[in-house]
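Trainee: Could we go through this one together, strand by strand? I'd like to see what sits where.

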Amino acid sequence: MYKKPKRMLFIYNTNAGQGLVRQNLPMILDLFTKGGYLVTCYPTQERGDTTDMIRLNASRFDLVTVAGGDGTLHEAINGMLAVPVEDRTPLGYIPAGSTNDFAASHDISKNMQESVKQIIEGQAVPYDIGRFDIIHSAEDAWNLQSGTEIGRKVPDIQYFSYVAAFGTFTDVSYDTPQDLKNRIGYAAYLLNGMGRLSEYRPHHLKVEADGELIEGDFQVGLILNTRQVGGFQLRMKDISLHDGLAEMILIKTSNTPFDMMALASTVMTQDLTSDLVISRKVHRITIQTVEPLAWTLDGEYGGAINTVAIKTERNALNFMVDLKSDGR
């Protein structure tokens with residue numbers, strides 16, 4: 001008996017990973033069709049068009065699925081949050097990138113066939129999303145005129161699914177060429193970062209975190225809502241993706257070779273008790289610097305900015321997940 005299919009918008013990045021989506025496209029479409037979906041396909045053409053496609057078309061579909069890396073998903077989230085709340089549809093995600101931090105945090109299989117089945121058989125579950133607001137003032141009005149220090153203009157309001165970061169090594173993911181990522185995977189990030197170690201310097205910050213004032217010189221800053229970042233599993237036991245809170249981690253400046261070794265050890269062992277680390281669970285954070293600070297959002301360039309306001313929007317988007325492995 002004929003049953004009217006549900007409508008799916010399927011957006012895929014042909015450049016992600018090693019072209020895995022393109023190789024598996026017949027299998028993906030066959031499984032979605034067998035799962036009761038009438039699929040409209042769109043292969044991405046340029047940076048930002050995932051956001052535009054979802055913003056303009058999501059309301060006409062029952063489900064939007066994206067296949068690619070964390071950058072593709074980042075664009076999808078920003079597109080969906082530009083849709084009126086009443087018209088937002090759930091998001092499905094097929095990980096096909098170099099690190100796939102979001103997938104690891106949400107127990108989405110890296111096996112493409114299994115991740116498709118998780119979408120078909122899963123349920124729409126709400127998750128927290130980070131909001132990143134650029135606060136303009138007379139001092140940083142240059143950013144409106146000239147864009148950013150690497151020539152990419154960014155909107156005043158952006159969203160991120162799992163991490164907003166600045167400082168040492170945090171720019172490596174967006175500054176590593178795609179062909180290098182495809183050829184050697186996550187090692188590309190590390191090689192690119194090690195070659196530029198001498199370029200990194202500390203930043204003087206004024207931070208307000210849920211009313212607490214913090215000021216000092218910091219080498220690295222992370223606002224996290226994830227169980228994995230940069231390919232590393234986080235060891236914090238009380239991580240929740242649904243509580244409206246993020247983990248703020250600020251790592252102080254290292255001035256000596258000994259301090260640099262301590263910094264590396266702190267990052268690798270995730271020792272949040274170190275004297276070099278300030279760690280808090282927070283809902284709202286404002287960070288101000290004298291010189292523009294370059295940010296990374298989900299591995300994508302977020303802008304070079306003097307003042308940002310970050311908050312966690314609780315259960316802002318629904319994702320299709322397998323509840324048996326979700327860990328709620």
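**Strand E7 and its surroundings**

Trainee: Before that, which residue is the bridge partner of Phe166 in E14?

Mentor: This is a predicted model, where local features need pLDDT of at least 70, side-chain atom pairs count only at pLDDT 80 or more, and totals for chains, interfaces and linings use all residues. Residues are numbered from 1 along each chain as its sequence is written, and side-chain values use heavy atoms, with hydrogens and water left out. Strands (E, at least two residues) and helices (H or I, at least four) are DSSP runs numbered from the N terminus, and two strands pair if DSSP finds at least two bridges between them. E7 and E14 (residues 284-297) pair antiparallel over three bridges, and the partner of Phe166 there is Trp295.

Trainee: And what stands opposite Gly167 in E9?

Mentor: E9 covers residues 212-224 and pairs with E7 in the antiparallel sense, over five bridges. Opposite Gly167 you'll find Val220.

Trainee: How many residues of E7 are buried?

Mentor: Buried means under 20% relative accessible area, exposed over 50%, and partly exposed in between (1.4 Å probe, protein chains only). E7 spans residues 163-167 and is largely enclosed by the rest of the structure, because its buried residues number five of the five.

Trainee: Is His203 buried or exposed, and what does it touch?

Mentor: His203 belongs to strand E8 (residues 203-209). Its relative accessible area is 17%, so His203 is buried. Contact means heavy atoms within 4.5 Å. Not counting residues up to four places away in sequence, His203 touches Phe166, Gly216, Asp217, Phe218 and Leu293.
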